[in-house]
Amino acid sequence: MVKKPRQVMPQQDPKVRIFNFNEVPQGFTVEMAQQEADRCVQCAEPTCINGCPVNVDIPGFIKFIKESDYRKSIEYIKQFNILPAICGRVCPQETQCEKECILGRKGEPLAIGSLERFVADWERQNQMKACPECKPPNDIKVAIIGSGPAGLTCAADLAKEGYNVTIYEAFHKGGGVLVYGIPEFRLPKEIVKDEIETLEMLGVKIEYNKIIGKILTINDLREMGYKAFFIGVGAGLPIILNMPGLNLNGVLSANEFLTRANLMKAYLFPEYDTPIKIGRIITVIGGGNVALDSARVALRLGAEKVMVVYRRSETEMPARMEEYHHALEEGIQFQFLTNPIEIIGDGDSNVKELQVIKMELGEPDDSGRRRPIPIKNSEFYIPTDTVILAIGTNANPVLTKTIPELKLNKYGYIETNENGQTNIMDIFAGGDIVTGSATVISAMGAGRNAAIAIDKYLKENALK
Amino acid sequence: MPYKILRKNQLGNSGTLFEMVLDTPLIAKKAFAGNFVLIRIDETGERFPLTIADYNSEKGTITIVFQVVGKSTTHLSNLEEGQEILDVVGPLGNSIHIKKFQNPIIVIGGGVGIAPCFPQVKELKEAGNKVYSIIGAKTADLLFWKDKFAAISDKLIITTDDGSESIKGFVTDPLKEIISKEPISLVIAIGPLIMMKNVVRATNGKAELPFIETTVSLNTIMVDGTGMCGGCRFPTIDGNFHFACVDGPDVDGHTVDFDNLMKRSTRYIAQEKISMEKYVHQCEKIHNLK
């Protein structure tokens, strides 16, 4: 038998896409989806499912694609995952389901993410929205704080169980990092909006512009009749390296840069009022997806040259391989094994250049990656107009400091048991505010776990 | 859910200062002196901070005061009573710490910064303090709320840069005079950066005047208002930095590096101009249709 090759989604030509914010991979055609689904051998004991943090029955939904019943396929996925159009795009499948795919042992694994995306897009394009069935309402109120991937998943699962769910969101749009962090060309905002509409079909209410801890406290919500809480507020506090020159004009966090560009649509300035300013040469510090997102946004905003400065080497880079390749195709330059020391100004409080030092890799550190060590006397200068810091985030204390009894770890993240329950019985938490920065799908997994635990807690307590 | 403008008044006689009372029951319940809100007028609008100038939890309202400077404030000034603002987020920032001080407190408001001083004076008085208010503006047309301040202050001093009303000069003139004569527990200054910088210079103990604890209110460029973007960070003279949104907006004035902050506040001047020109052009087109 001749092995069929793995289908690859067509992509926007780099020469074209660096001038627009449209999505880069264009999705499978029906024929491609069919051919790819046919590669699935429908293992009797599938391993791919274990690779998925929310345990989607992958062979199950692919079977329906084989049968060309896309409607059934998407309905089936949604029993496991309420956000398939998002996961099909931003999940690191290569380290999850596809890594476990049996086809990968002797050849290329099945393109599971692309297939998931295909049926989700098919549903949206054909306006055939499948809405999972809900149990009859039980009138028990649950509040979800934060509408990112953890909160959305938790809300959906609880709504399906019949709970009266309200999400409180700080911004004017739902999705958390999906709308403020991930750029349009990687995850179109229409898709996030559409997935949130599915939640509204389940009866979930979303209260926008409400920062819990400010406008309402957990105690206020208790008085309003909420019986359980899920905190999924993310890790929204940028780490800002306190190096000389930090406060020059032109130094900003990736959070600020991306929020301006994505949530506030500064890339459409002046049609949208929020300004963004980048200059000609942009330097991004960091090696994760956020760094690459920032670099690629900067390029599309008209930068002449974008350089990513990362203190370790290509191998240790936490960004997804796919994003790295896209960035390379687009002409983003990488300066590996290099660490910033000082940002130098032009004498008028604007950034002029970045002083950096070459690094070499030493012994492995706590993360298991080899620790970068500065090489003496290897300093050099990178001329730049803008410096974007994308070196991670910390826990944001705005909510947690208003719940003094809530147990936090020494870094300010919420401590929970394996079910997402905190030391306060009716408060559960999950996603980045518990684990620190991680992936969309792991946050969704945490939201799901917590939903199961909340259901159990409420059945044992509030229902009595 | 949009937020209704219940009342709109012009303040002073310049045509550039406005007061709006907004229907925001939940925010009004929590608002306190020192807090601010972030406003986004419509779908294409930017988020910008305005300090809460008054609040009434029973009526469910907050008052904002603003001066027309760029596109967003011009747009806001063109809205009328009964119209709506798309997003009002708050109350943000830390409330000021109110206690009974041993000696009198001087509260200084400059220009549009006069407005956010009002709740501070109100709450400090409520706590039994003796409060001297100094309010100043470039010219008499830009002064407002004189009666409101007179009613709650133990002393009210008014200055104008051009002498068109009361004392000719800057707010720092009466400040220096008072602190050279009588012990003062605290100085609070809200106004343009240059004014706050000069107030701090007068109270830092280096101007042959006594050192006095001084808080200033920072109204920086910001996006989210919850510490998430870091755009509002302000340098301190010890080489560190803080976020105006979550560490402020009221901060110890003696630690602020005002010179750097003044530079940072000009980051988007070119874009603000483009925005304004586009808006004026649109308004003209609409006007011509009528």
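A salt bridge is a side-chain nitrogen of Lys or Arg within 4 Å of a carboxyl oxygen of Asp or Glu. The exercises below apply to a predicted model.

**Exercise 1. The interface of chain B and chain A**

Task: Describe how chain B meets chain A, and state which three residues supply the greatest part of the area that chain B buries.

Solution. Begin with the contacts: 47 residues of chain B touch 44 residues of chain A. The area buried between the two chains is about 4,000 Å², and carbon and sulfur atoms give 53% of it. Within the part that chain B buries against chain A, Met228(B), Arg233(B) and Tyr268(B) supply 16%, which is more than any other three residues.

Next, turn to the polar part of the interface, where 22 residue pairs of chain B and chain A, both at pLDDT 80 or more, are in polar contact. Several elements of chain B each supply at least two residues to the side that touches chain A, among them α1 (25–30), α2 (71–77), β14 (233–235) and α9 (269–289). The largest share of that side, six residues, comes from β7(B). Sorted by class, the side of chain B that touches chain A has 18 nonpolar, 16 polar and 13 charged residues.

**Exercise 2. Salt bridges between the chains**

Task: How many salt bridges does the rule find across the interface of chain B and chain A, and where do the partners Lys173(A) and Glu43(B) lie?

Solution. The count across the interface is five salt bridges. Asp348(A) pairs with Lys263(B), and their closest N and O atoms are 2.4 Å apart, which is within the 4 Å cut-off that a salt bridge requires.

Lys173(A) and Glu43(B) also form a salt bridge through their side chains, at 3.0 Å from N to O. Lys173(A) belongs to the loop between β2 (164–168) and α10 (177–180) of chain A, whereas Glu43(B) belongs to the loop between β3 and β4 of chain B, so the pair joins two chains. As for accessibility, Lys173(A) is partly exposed at 26% relative accessibility, and Glu43(B) is likewise partly exposed, with a relative accessible area of 38%.

**Exercise 3. Salt bridges within chain A**

Task: For the pairs Lys78(A) with Glu123(A) and Arg312(A) with Asp365(A), establish which parts of chain A are tied together, and decide whether the partners are buried or exposed.

Solution. Over all chains, the structure holds 47 salt bridges. In the pair of Lys78(A) and Glu123(A), the side chains meet at 3.0 Å, N to O. Lys78(A) is in helix α4 (residues 70–80) and Glu123(A) in helix α8 (residues 112–125), so this salt bridge ties together parts of chain A that are 45 residues apart in sequence. Both Lys78(A) and Glu123(A) are buried.

In the pair of Arg312(A) and Asp365(A), the closest N and O atoms are 3.2 Å apart. Arg312(A) lies in the loop between β8 (305–309) and α15 (321–329), and Asp365(A) in the loop between β11 (351–364) and β12 (370–374), so the pair links parts of chain A that are 53 residues apart in sequence. Arg312(A) and Asp365(A) are buried as well.

A network of salt bridges also links residues of chain A, including Arg17(A), Arg186(A), Asp293(A) and Glu330(A).

**Exercise 4. Strand β3 of chain B**

Task: Determine which residues stand on each face of β3(B), and which strands pair with β3(B).

Solution. In a regular strand the side chains alternate between the two faces of the sheet. In β3(B), Phe36(B), Leu38(B) and Arg40(B) are on one side and Val37(B) and Ile39(B) on the other, and all of these are buried.

For the pairing, β3(B) runs antiparallel to strand β4 (residues 48–56) of chain B over four bridges, with Phe36(B) opposite Thr51(B) in β4(B). Four bridges also join β3(B) to β7(B), again in the antiparallel sense, and here Arg40(B) has Asp87(B) as its bridge partner.

**Exercise 5. Two threonines**

Task: Are Thr283(A) and Thr159(B) buried or exposed, and what does each one touch?

Solution. Thr283(A) is placed in strand β7 (residues 281–285) of chain A and counts as buried at 0% relative accessibility. The side chains of Thr283(A) and Thr384(A) are joined by a polar contact of 2.9 Å. Beyond its neighbours within four places in sequence, Thr283(A) is in contact with residues including Met307(A), Val309(A) and Leu354(A).

Thr159(B), in strand β10 (residues 155–160) of chain B, is buried with a relative accessible area of 1%. Not counting residues up to four places away in sequence, Thr159(B) touches, among others, Ile135(B), Leu143(B), Phe170(B) and Pro174(B).

Note on methods. Residues numbered from 1 in each chain as written. Chains lettered and ligands numbered in written order. Predicted model: local features only at pLDDT ≥ 70, side-chain atom pairs only at ≥ 80, totals over all residues. Heavy atoms only, no water. Contact = heavy atoms within 4.5 Å. Buried area = accessible area lost by both parts, 1.4 Å probe. Polar contact = N/O pair within 3.5 Å; in protein donor to acceptor, adjacent residues only side chain to side chain. Nonpolar A, V, L, I, M, F, W, Y, C, P; charged D, E, K, R; others polar. Buried < 20%, exposed > 50% of the residue type's maximum accessible area, 1.4 Å probe, protein only. Pairing = 2+ DSSP bridges.
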